[in-house]
Amino acid sequence: MEKLLPVAPDVHLWTEQRGSADAPPLLLIMGAGASGLGWPEPLVDALAAHHRVIRYDHRDTGRSTWAYERRPYRITDLAEDAVAVLDGLGVERAHVVGMSLGGMLTQLLITDHPDRVLSATLIGTSALSTAPYTRPDGTRVPVEELPGVSPEVLKIWSHLAEERDQRDQEAELDWRVAHWRVLTGGQLPFDATYFRDLEERIIEHAGSPATSPAHALADDSGMLRTEALATTEVPVQVILAPAEPVFPPPHAQHLAQAIRGARLTEIPGMGHALPAELLPALATAILSATATP
């Protein structure tokens, strides 16, 4: 079931619900510049067998309002959008799964709206914390010394904006598939057809291959939640992706340390993407977190 929800003056977000209306709600939050269709259909279906699954398009993605130039917003506003989605659908509390920027927004929900979150699973993201990382040998590493984005990802990102206006839809699809090839991290065989089909559905859903730089331009100040993450009572699972090229290990380990009581679940071969062969393992991990009392 699809619904367009008002979340701010002149701002509407596209939402979709799948699964039984009586099942425990589960909110999926995608990353920067990504619509809700970035969550693959087989994963959504697997989760919807147990949950009322909710996914949505961020502002300036998919079928939601594109208006950043007229109405700029902060990254923290995107977290409040998630709360507005729950409000608009009559959901008091939900399990939340966030990937990449969505994982950061989920951390904001955990700390700013803990009464709305039943559990959280964080994928491909970094901690909104200044707490240092403690290695297995006991040495402490300042956050600023943790590894950065891989050179391969930075290289392909450098072509994102400069060539955007020159690409037709086929060229855009080629770029997106090449992007996914780098994001998968190289530990598993790459299925170009799978990712091309995913992006064709995303473009069809949006009605255009256009993309917006809004999330890169949005003010990201005021996001640190060091103390609140260290004292939260929300059950949190962190997915460890050993091939992650955007937030390479030990970012996931650091994230699990920074959040009180968080548990770490490794999915072998995973990078910063959701390829078909990893979806069963990811669904199992998410469902294990939502089943925890």
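Reader: Why is glutamate 41 called partly exposed?

Author: Its relative accessibility is 24%, and a residue is buried under 20% relative accessible area, exposed over 50% and partly exposed in between, as found with a 1.4 Å probe and protein chains only. Because 24% falls between those two limits, glutamate 41 counts as partly exposed. The model is a predicted one, in which local features need pLDDT of at least 70 and side-chain atom pairs count only at pLDDT 80 or more, while totals for chains, interfaces and linings use all residues. Residues are numbered from 1 along each chain as its sequence is written, and side-chain values use heavy atoms, with hydrogens and water left out.

Reader: What makes the pair of glutamate 41 and arginine 55 a salt bridge?

Author: The term asks for a side-chain nitrogen of Lys or Arg within 4 Å of a carboxyl oxygen of Asp or Glu. Here the closest N and O atoms are 2.7 Å apart, so the pair meets the rule. Side chains of opposite charge can pair when their charged atoms come close.

Reader: Which parts does this pair tie together?

Author: Glutamate 41 belongs to helix α1 (residues 41-48) and arginine 55 to strand β4 (residues 52-56), so the salt bridge links parts that are 14 residues apart in sequence. Helices (H or I, at least four residues) and strands (E, at least two) are DSSP runs, numbered from the N terminus. Arginine 55 has a relative accessible area of 2% and is therefore buried.

Reader: How do you know that glutamate 170 and arginine 196 meet in a salt bridge?

Author: Their N to O distance is 2.7 Å, which lies inside the limit already given, so the pair qualifies. Glutamate 170 sits in helix α5 (residues 169-183) and arginine 196 in helix α6 (residues 192-206), so parts 26 residues apart in sequence are tied together. Glutamate 170, at 45% relative accessibility, counts as partly exposed, and so does arginine 196, at 21%. Elsewhere, salt bridges that share partners join Glu16, Arg18, Glu41, Asp45 and Arg55 into one network.

Reader: What makes β1 and β10 edge strands of the sheet?

Author: The open sheet has eight strands in the order β1-β2-β4-β3-β5-β6-β9-β10, with mixed pairing, where two strands pair if DSSP finds at least two bridges between them. In that order β1 (2-8) and β10 (263-266) each have a single partner strand, so one side of each is left without a neighbour in the sheet.

Reader: How do you know that β6 and β9 pair?

Author: Three bridges join strand β6 (residues 117-123) to strand β9 (residues 236-240), and since the rule asks for at least two, the strands count as paired. These two strands run parallel, and leucine 122 stands opposite valine 238 in β9. Helix α9 packs on the sheet, touching β6, β9 and β10, and its direction makes about 170° with that of β9; such angles run from 0 to 180 degrees between N-to-C directions, with axes as lines fitted to C-alpha atoms, for helices over the stretch in contact.

Reader: Why is histidine 254 called buried?

Author: Histidine 254, found in helix α9 (residues 251-258), has 2% relative accessibility, and because this lies under the 20% limit, the residue counts as buried. Leaving aside neighbours within four places in sequence, histidine 254 is in contact (heavy atoms within 4.5 Å) with Ala127, Ser129, Ala131, Pro132, Tyr133, Val143 and Leu146.
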